[in-house]
Every structure is written in structure tokens, then in C-alpha cells.
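Me: Please take a close look at a single part of this model, the sheet and what packs around it. Where does each piece sit, and what does it touch?

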Amino acid sequence: MGFLWFGRKKKKRTALAADAPSPLAPESVVAVTPPTSDEQSDTPSPVAVAPEHTPEPALTPNEALAILKAGNAAFLSGDTRLGHVTAGDLQPLQDGQHPIAAIVGCADSRTPPTILFNQGLGRLFIIRVAGNTVDRRGLASIVYAVKHLDCPLVVVMGHTGCGAVAAAEAVVDGRAELDPSLEEMIVPILPAVLSARHIGGEDQARLAVEENARRVVARLLTSDTFLAEASETGRIRVVAAVKDMATGRVDFLDETTPAEPPQQAVPVASPDHAPEHA
């Protein structure tokens with residue numbers, strides 16, 4: 001998590017140009033040829049030296065978002081650079097981490113943010129849990145990323161075909177009972193499913209995923225004063241997104257219009273097993 005890096009001098013970061021040399025490959029070593037025996041003098045022989053790390057300017061929220069969009073486009077086209085990531089890339093990160101974005105994602109093994117956005121080590125601060133919801137510890141993690149790591153962007157990313165959302169839909173529709181062992185995963189998603197049912201539409205499964213992502217965005221902006229103020233002042237952007245399971249495309253939703261709860265609560269089809277929700 002990097003909690004031991006409080007108080008250390010922060011290095012700044014910059015945007016990655018789509019056609020720029022890969023920043024993910026290890027820094028090259030500049031070899032200096034030692035003098036021959038005839039050229040030796042009292043001067044110590046030079047040794048191999050690594051290029052000095054250049055501080056990078058801070059990113060704006062919009063610049064960070066543009067990087068993620070470009071990274072997803074690279075993933076879709078196959079022009080990825082993650083194959084160049086090696087253990088050597090850890091060395092420049094020893095003084096701390098400076099991620100460009102915090103990602104709240106689903107634990108689904110098919111939705112890794114680093115791959116979907118074509119980002120290497122130290123680039124993304126990721127919180128993943130089935131259904132991409134946020135509890136108190138998840139909220140604290142996001143606050144830490146923004147307050148202490150200066151993340152300019154927070155993305156809540158759901159995905160089509162989400163099993164956690166499907167389980168919540170089954171409970172709402174009366175096709176399944178609420179499994180007590182899965183309650184912590186399913187219950188936070190039920191309001192999003194109810195909202196999707198209230199809105200209506202043909203693709204209820206995707207709509208429920210979108211509503212769930214939007215509601216998590218709304219919670220982040222209303223559950224913590226620091227995040228709310230950072231968003232209002234433009235220090236950060238908090239946006240919802242949905243990854244299409246079939247294609248890998250990430251669509252960013254309208255972050256300025258988080259979902260509103262339905263005017264009248266839609267009753268859960270299995271009242272004997274599902275808790276009540278506003």
C-alpha cells in the first residue's frame with residue numbers, strides 16, 4: 001500500500017504519449033568504456049552509470065483520464081507494452097508510488113485494470129471486490145490514494161456479465177434466495193438493480209451494472225468530505241465506467257449525473273429472504 005512513504009519527497013508524473021517510447025521498459029544503462037592500459041592515468045576508471053531520473057509534472061484529472069482511454073484503445077488494437085515490464089521497473093519506485101488513477105474494480109479474473117488500460121507498475125492504485133462496491137475500508141483506501149498519493153482520477157469500473165450483479169438481480173426477481181454467506185457482496189447492489197427495474201429498458205443486466213457503478217461514484221462523493229471537496233475544486237474527477245466482457249472495451253459513463261434512487265421503492269420479490277432497502 002505504501003503507507004511507509006508518508007513524509008517522503010514526492011516525485012511528479014507526466015502523461016504517456018500514445019506513440020512515445022515505452023516508459024514501461026527498464027531504463028537503459030549507459031556503458032562507459034574504460035581506458036586502455038596506454039591511456040590509464042591517475043583518474044579512476046569510469047564505471048557503468050544509469051541515467052538520472054527526471055521528475056515528471058503532475059497530471060490533471062482530464063489528462064489522467066485521457067491516458068486510460070488511450071491505454072484501453074491500445075489494448076483493443078493489440079498495441080500493448082506490458083510485455084516490457086520486468087523486475088527492473090521496481091527500482092524507480094523504491095522511493096514511493098505515484099499512481100495516475102485509483103480504480104475501484106470487480107474481483108472478476110477477466111477484468112484486470114492494469115491490462116485493460118495498458119499500464120505498468122506504479123501506475124494504478126486498485127481496489128477490487130466482487131461487484132465493485134465500496135465498504136468503509138475501500139472508502140479509506142480511495143481517500144488515501146487521493147490525499148496522500150495525489151491521484152487526480154478515481155474510476156469505478158463495473159463490467160457486463162458480472163456475477164455479483166446477476167446474483168442481486170436473481171434475488172430481486174425472486175429467482176433465488178439471499179445466501180447469508182454472500183450477503184455482504186449482494187446487499188449493496190440491490191438498490192442498483194431496483195433502480196434499473198424502475199428505469200426500464202431491454203438490457204436490464206447492463207443497466208444494473210451501470211447503475212451500480214454510478215451509485216458507487218455517488219457514495220464516494222457523499223460519504224467523505226475530503227473527496228467531495230476535492231471533486232468540487234477540480235482536484236479530482238470521480239467517474240463511472242463499464243467494461244464490455246466480450247470486447248474488452250471500457251466505456252466511461254456520464255460522471256456528472258450519478259444515478260438517483262427510484263421515487264418509490266420497488267418491492268423485492270422474495271421478502272422472506274431479502275432485507276428491505278430504501
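Reply: Strand 1 is largely enclosed by the rest of the structure, because five of its five residues are buried. This is a predicted model. Ala-101, Ile-103 and Gly-105 point one way from strand 1. Ala-102 and Val-104 point the other way. Both sets are buried.

Strand 1 spans residues 101-105 and runs parallel to strand 2, with five bridges joining the two. Ala-102 faces Phe-125 across that pairing. Strand 3 also runs parallel to strand 1, and four bridges join them. There, Ile-103 stands opposite Val-155.

Now the whole sheet. It is open and has five strands, in the order 2-1-3-4-5, with mixed pairing. Strand 2 (124-128) and strand 5 (250-252) are the edges. Each has a single partner strand, so one side of each has no neighbour in the sheet. From one strand to the next, the twist averages 25 degrees.

Helices pack on this sheet. Helix 1, residues 61-77, touches strand 1, strand 2, strand 3 (153-159), strand 4 (237-243) and strand 5. Its direction makes about 35 degrees with that of strand 3. Helix 7, residues 204-223, lies across strand 3, strand 4 and strand 5. Helix 7 runs at about 160 degrees to strand 4.

Next, the nonpolar packing. In soluble globular proteins, nonpolar side chains tend to be buried together. The largest nonpolar core here has 44 residues. Those with the most contacts inside it are Ala-102, Phe-125, Ile-142, Val-154, Val-156, Leu-220 and Leu-227. Helix 7 supplies the largest share of this core, seven residues.

Take Val-154 in detail. Setting aside neighbours within four places in sequence, Val-154 is in contact with Ala-102, Ile-142, Val-146 and Leu-220. Its contacts also include Arg-237, Val-238 and Val-239. Apart from the largest core lies another, of 17 residues. Among its members are Ile-67, Leu-68, Ile-100 and Met-157.

Back to Phe-125, the residue opposite Ala-102. The count of aromatic pairs comes to two. One of them is Phe-125 with Tyr-144. The pair is tilted, at 6.0 Å centre to centre and 55 degrees between the planes. Phe-125 sits in strand 2 and Tyr-144 in helix 3 (residues 136-147). The two are 19 residues apart, and the pair links distant parts of the chain. Are these rings buried or exposed? Phe-125 counts as buried because its relative accessibility is 5%, under the 20% cut-off. Tyr-144 is buried too, with a relative accessible area of 6%.

One charge is placed over a ring as well. Lys-147 lies over the face of Phe-226, at 4.7 Å from the ring centre.

Now follow helix 7 to its other neighbours. Gln-204 lies in this helix. Gln-204 is buried, at 16% relative accessible area. Beyond residues up to four places away in sequence, Gln-204 touches Glu-169, Ala-196 and Arg-197.

Two of those contacts, Ala-196 and Arg-197, lead to helix 6, which spans residues 190-199. Seven of the ten residues of helix 6 are buried, so the rest of the structure largely encloses it. The buried ones are Leu-190, Pro-191, Ala-192, Val-193, Leu-194, Ser-195 and Ala-196. They pack against helix 4 (163-172), helix 5 (183-186) and helix 7. Gly-200 follows helix 6 and has a positive phi, near 80 degrees.

Glu-169, the remaining contact of Gln-204, is among the buried residues of helix 4. Helix 4 is mostly covered, with seven of its ten residues buried. Besides Glu-169, these are Ala-164, Val-165, Ala-168, Ala-170, Val-171 and Val-172. The buried residues of helix 4 pack against helix 5, helix 6 and helix 7. Just after helix 4, Gly-174 takes a positive phi of about 80 degrees.

To trace it once more: strand 1 is joined to strand 2 by five bridges and to strand 3 by four. Helix 7 lies across strand 3, strand 4 and strand 5. The buried residues of helix 6 and of helix 4 pack against helix 7.

Conventions
Residues numbered from 1 in each chain as written. Predicted model: local features only at pLDDT ≥ 70, side-chain atom pairs only at ≥ 80, totals over all residues. Heavy atoms only, no water. Pairing = 2+ DSSP bridges. Axes fitted to C-alpha atoms, helices over the stretch in contact; angles between N-to-C directions. Contact = heavy atoms within 4.5 Å. Buried < 20%, exposed > 50% of the residue type's maximum accessible area, 1.4 Å probe, protein only. Core = buried A, V, L, I, M, F, W, Y, C linked by side-chain atoms within 4.5 Å. Phe/Tyr/Trp six-rings, centres within 6.5 Å; stacked < 30°, edge-to-face > 60°. Lys NZ or Arg CZ within 6 Å of the ring centre and 35° of its normal.
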